[in-house]
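Please describe the side-chain contacts and the backbone features of the protein shown here, in running text and with the cut-offs behind each term.

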Amino acid sequence: MQKILIVKVSSLGDVVHTMPVIADIRQQHPTAQIDWLVEESFADLVRLVAGVSCVIPFSLRRWRKRLWSPATWSEIGQLRRRLASEAYDLVIDCQGLIKTAWAARWARAGGAWISGLGNRTEGSSYEWPARFFYDQRVSIEPRTHVIERSRQLVAAALGDPVPLATEVDFGLDLHAAAAAFIETGFKLPSPYVVLVHATSRADKQWPQERWIELGQLLLRAGISLVLPWGQAAERAVSAKISGWLNARMASVSSTKAAAYVPPALTLPAVTGLLAGAAATIGVDTGLVHIAAALRRPTIELYNFDTAWRTGGYWAPDIVNLGGAQQPAGMGDVRRSLVDFGLL
């Protein structure tokens, strides 16, 4: 039995896009033990992936905030000793950063062979010194989708055939996700559509007036809305949009559909929310990529020509709209909703 460690620590969308490598490994090596090193804030999401034996939290974001604390260095030491003691046969760094290559190297004390990216692909955050930490460096064609980049790397590291791009399995446990959402006690009418306006980058946002226009369109069709959030500022925007929509619709329509702002949700719970939605519409961000991974009807809104690199391609109801020259407009979204049978 091979013992394999996957290293992909962040960000949320990148973690989601790495999930298919687990199913790839299981198909070729059904008895392998597969562990995953990931940022602690994403650990519960990775635990939903079928085939992951152990999720090992990596707390670099928290450690950076208190770098000089003895407790921080104690945690780092514990992680280094744990990775060395696991005696992995193979460690695959799917991220290609100095921090991830360094963490992968910690496992080498247990005799692990380390494989990683040998070059940068277009749009990636690859750091070239990372290659010197690896025993095997795998070169990837520069213009490669992020999912296929990791799949090709893992296949090369294991000496397996490159998996077919038409066969993509994220392995997310829908039952566990649904249970996590039910545990929140947040009840929603059906059908509902999730609107994901929040993103860490302002240049990826869609104008608020378009969210309001889209919200009115869906509410008039009798479809309720859910506007999830992750931080206080995002919650304020969700509350502003939903408040305006509910007040407006109450004055002009008798529809019972409404816009809802959920409580703070864990990643498993928000996965359950997305799995139950009639559709998810949102900007290029992690939650939208989770919806696409679930193969639910998903509209991804792009302000850059990057859909070829991060957009969904594995299901017919995943639609990528917009680009640098022409951001997605309401007409595009409306046509997709008609195709979904929601309008």
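## Salt bridges

The count comes to 13 salt bridges, a salt bridge being a side-chain nitrogen of Lys or Arg within 4 Å of a carboxyl oxygen of Asp or Glu. This is a predicted model, in which local features need pLDDT of at least 70 and side-chain atom pairs count only at pLDDT 80 or more, while totals for chains, interfaces and linings use all residues. Residues are numbered from 1 along each chain as its sequence is written, and side-chain values use heavy atoms, with hydrogens and water left out.

Three of the salt bridges are set out in the table, with the N to O distance of each.

| Acidic residue | Basic residue | Distance, N to O |
|---|---|---|
| Asp44 | Arg47 | 2.5 Å |
| Glu86 | Arg82 | 3.8 Å |
| Asp284 | Lys204 | 3.4 Å |

Asp284 lies in the loop between strand 10 (279-283) and helix 12, and Lys204 in the loop between strand 7 and helix 9 (208-220), so their salt bridge ties together parts that are 80 residues apart in sequence. Helices (H or I, at least four residues) and strands (E, at least two) are DSSP runs, numbered from the N terminus. Both Asp284 and Lys204 are buried, where buried means under 20% relative accessible area, exposed over 50%, and partly exposed in between (1.4 Å probe, protein chains only).

In the pair of Arg47 and Asp44, by contrast, Arg47 counts as partly exposed at 46% relative accessibility, and Asp44 is partly exposed as well, with a relative accessible area of 43%. The pair of Glu86 and Arg82 joins the two classes, since Glu86 counts as buried at 18% relative accessibility, whereas Arg82 is partly exposed at 30%. Elsewhere, salt bridges link Glu40, Arg62, Arg66 and Glu75 into a network.

## Aromatic rings and charges over them

A pair of aromatic rings is described by the distance of the centres and the angle of the planes. The structure holds 7 aromatic pairs, in which rings of Phe, Tyr and Trp (its six-membered ring) have centres within 6.5 Å, with planes under 30 degrees apart counted as stacked, over 60 as edge-to-face and the rest as tilted. One of these pairs is formed by Trp206 and Trp211, which meet edge-to-face at 5.0 Å centre to centre, with 80° between the planes; Trp206 and Trp211 are both buried. Another edge-to-face pair consists of Tyr313 and Trp314, with 5.0 Å from centre to centre and 75° between the planes. Here Tyr313 is partly exposed, at 34% relative accessibility, whereas Trp314 is buried, with a relative accessible area of 9%. Ring pairs also bring Phe170 into a cluster with Tyr313 and Trp314.

Two basic residues lie over ring faces, a placement that requires NZ of Lys or CZ of Arg within 6 Å of the ring centre and within 35 degrees of the ring normal. Arg143 lies over the face of Trp308, at 3.9 Å from the ring centre, and Lys3 lies over the face of Tyr88, at 5.5 Å from the ring centre.

## Cysteines

A disulfide is a covalent bond between the sulfur atoms of two cysteines. The structure holds 0 disulfides, the criterion being a pair of cysteine sulfur atoms within 2.5 Å. Why does Cys54 form no bond with Cys94? The sulfur of Cys54 is 17 Å from that of Cys94, its closest cysteine sulfur, which is too far for a bond. Cys54 is partly exposed, with a relative accessible area of 21%, and Cys94 counts as buried, at 1% relative accessibility.

## Backbone features

Most residues other than glycine have a negative phi, and most peptide bonds are trans. Ala87 has a positive phi, near 55°, and lies in the loop between helix 5 (70-85) and strand 4 (90-93). Arg295 also has a positive phi, near 60°, and its place is in the loop between helix 12 (286-293) and strand 11 (298-301). Ala87 is partly exposed, with a relative accessible area of 39%, and Arg295 counts as partly exposed at 39% relative accessibility.

The peptide bond from Ser10 to Ser11 is cis, with omega near -10°, and Ser11 lies in the loop between strand 1 (3-7) and helix 1 (12-18). A cis peptide bond also joins Ser190 and Pro191, where omega is about 5°; Pro191 belongs to the loop between helix 8 (174-182) and strand 7 (192-196).
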